[in-house]
Number of protein chains: 2
Amino acid sequence: MAVRRSGRAGQGPGVAQAQATGEAAFLEAYDPGRFERPSVAVDVALLSAAGGALHALVVRRDEHPARGRWALPGGFVGLEEPLEVAAGRVLASKAGLSGLFVEQLFTFGDPGRDPRTRVISVAYYALVDQARFGDAASRAEGLAVGRLVVPWEGETGGPVELRGPGERALPLAFDHAEILGMAVKRLRGKLDYAPIGFQLLPPSFTLLELQRVHETISGRPLNKDSFRRRMLASGWLEATGERQAEVDHRPAERYRFARRSAT
Amino acid sequence: MAVRRSGRAGQGPGVAQAQATGEAAFLEAYDPGRFERPSVAVDVALLSAAGGALHALVVRRDEHPARGRWALPGGFVGLEEPLEVAAGRVLASKAGLSGLFVEQLFTFGDPGRDPRTRVISVAYYALVDQARFGDAASRAEGLAVGRLVVPWEGETGGPVELRGPGERALPLAFDHAEILGMAVKRLRGKLDYAPIGFQLLPPSFTLLELQRVHETISGRPLNKDSFRRRMLASGWLEATGERQAEVDHRPAERYRFARRSAT
DNA sequence: TGAATAGTGTCTATAAGACAATATCCC
DNA sequence: GGGATATTGTCTTATAGACACTATTCA
């Protein structure tokens, strides 16, 4: 919709659940500009895959509220800044990463999600390969990498837990456990239809490495033969002609992602 | 993320694309409260199915900008109002409808989408059966029903057109053609995995009526035998024991939706 | 009886899972 | 050669599409 200073619908505090009867007329005359506006922020779930699990980058909160807890990289949206640009800026400033696959996830707007004031957060998720992810994590103080523990199967959805080194739990700030859960749900939903897995791998990879990534995302073992057939038939893969080196078995062919698409 | 008046990251006008180097320190000291905030609104794509096409309810704009164009029902989000409540309120006040299937779609935030000021719109879509949809459309002046013309196949995505009675085009305000397009894309994506089609039908319906709805959403004809098998095996359907009446052929059994789920 | 759609049964094509056999590397 | 994984090929099973046939209602 659009701003309607000059007359049309809007909403002020205190009439959230008003009845339909007679309300329309009231709303017609309502001027939203007279009321305080919520803050708008972006939060980015930066994910990678390693050791059979998804991992996320989190930032330690040194101030109240949620002091000592861990939060997703986030920041307020500039008044003239597109939402995706804000997400990219947050990734660049907090993790030093750019050029990643980034996609909008969901907008979280419960009035109580931040104890101080109303903050509406447009959540994004971003995918990066293991090497760049590790570099980002060691970039600055106050950053940590957590392993996602998903307490549900398939695309059920719900919050997830984060575990740091040594199984130590990383308590999450605000509703960030929900955001991470939604990122996992989205990844699982897109896995079979969109070239998602490639975003978690370096430019060239073997079919088994790709299968491990898919198993990590979906949370279940996959049939090797069927996976190979599906991937080769998908049109997403391109043989590089190179082969694995320095392995103590027959080296596998390396493939690369054939399309630039990010859908 | 969260408001960080007391110290942490944020973003002010004019540094949208700053480089990562040295930026972090600046952002740490940034106080977002000092700057103007964007407006936040909800827009709702209210959809129904009739005559083999999807239809949407739109509102005529009587004021600038986009005067004379048609907009989705929308309104500003109250400072203490949850986003879904705002979406429901808009549906109640503009269309007089409540209790519908409503789901968040996408958040549109391009700085130029409204010519007057920055408005970030959290878009929702809602589904309703043909009868209630018709009632809603005749509820007030300035409302119209348009037939969606989808110029792409499958889940390609992109804006759609709206045609009123007599093929007359209904020009859409702002980015509302994109919102409607995203609603269609989402519907198509969920059709096979979630009980979506039922939301467009009255409480009881025949298998052929359900098939027509699925064909309307997906935009392609479906195999009757396979559709019947899939639906009966899905666990979503429950036979009512009733049969069609007043048809000049063998009456079909009526079914109802077996689960309340809206996923 | 005829028109029209509902509903059932069967056959075929396609894709996934299971499994066997061979290939290629390092030790 | 032995160990390990890659790669190919075949067989089986589940599901979707195609099609034939019977059932039931109203005109």
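**Where the protein chains meet the DNA**

In this predicted model, 19 residues lie around DNA strand D, and those coming nearest are A:His249, A:Arg250, A:Glu253, B:Ser226 and B:Arg250 (a residue is near a strand if its C-beta atom, placed from the backbone, lies within 6 Å of it). Residues are numbered from 1 along each chain as its sequence is written, with chains lettered from A and ligands numbered from 1 in the order in which they are written. Since the model is predicted, local features need pLDDT of at least 70 and side-chain atom pairs count only at pLDDT 80 or more, while totals for chains, interfaces and linings use all residues.

At least two residues each of the surface near strand D come from α5 (207-218) and α6 (224-234) of chain A and from α6 (224-234) of chain B; helices here are DSSP runs of H or I with at least four residues, numbered from the N terminus. The top contributor is α6(B), with 4 residues. This surface splits into 4 nonpolar, 5 polar and 10 charged residues (Ala, Val, Leu, Ile, Met, Phe, Trp, Tyr, Cys and Pro count as nonpolar, Asp, Glu, Lys and Arg as charged, and the others, Gly among them, as polar).

Now for DNA strand C: 17 residues surround it, with A:Ser226, A:Arg250, B:Leu208, B:His249 and B:Glu253 the closest. Two or more residues apiece come from α6 of chain A and α5 (207-218) of chain B, and α6(A) gives the most, with 4. By class, the surface near strand C holds 4 nonpolar, 5 polar and 8 charged residues.
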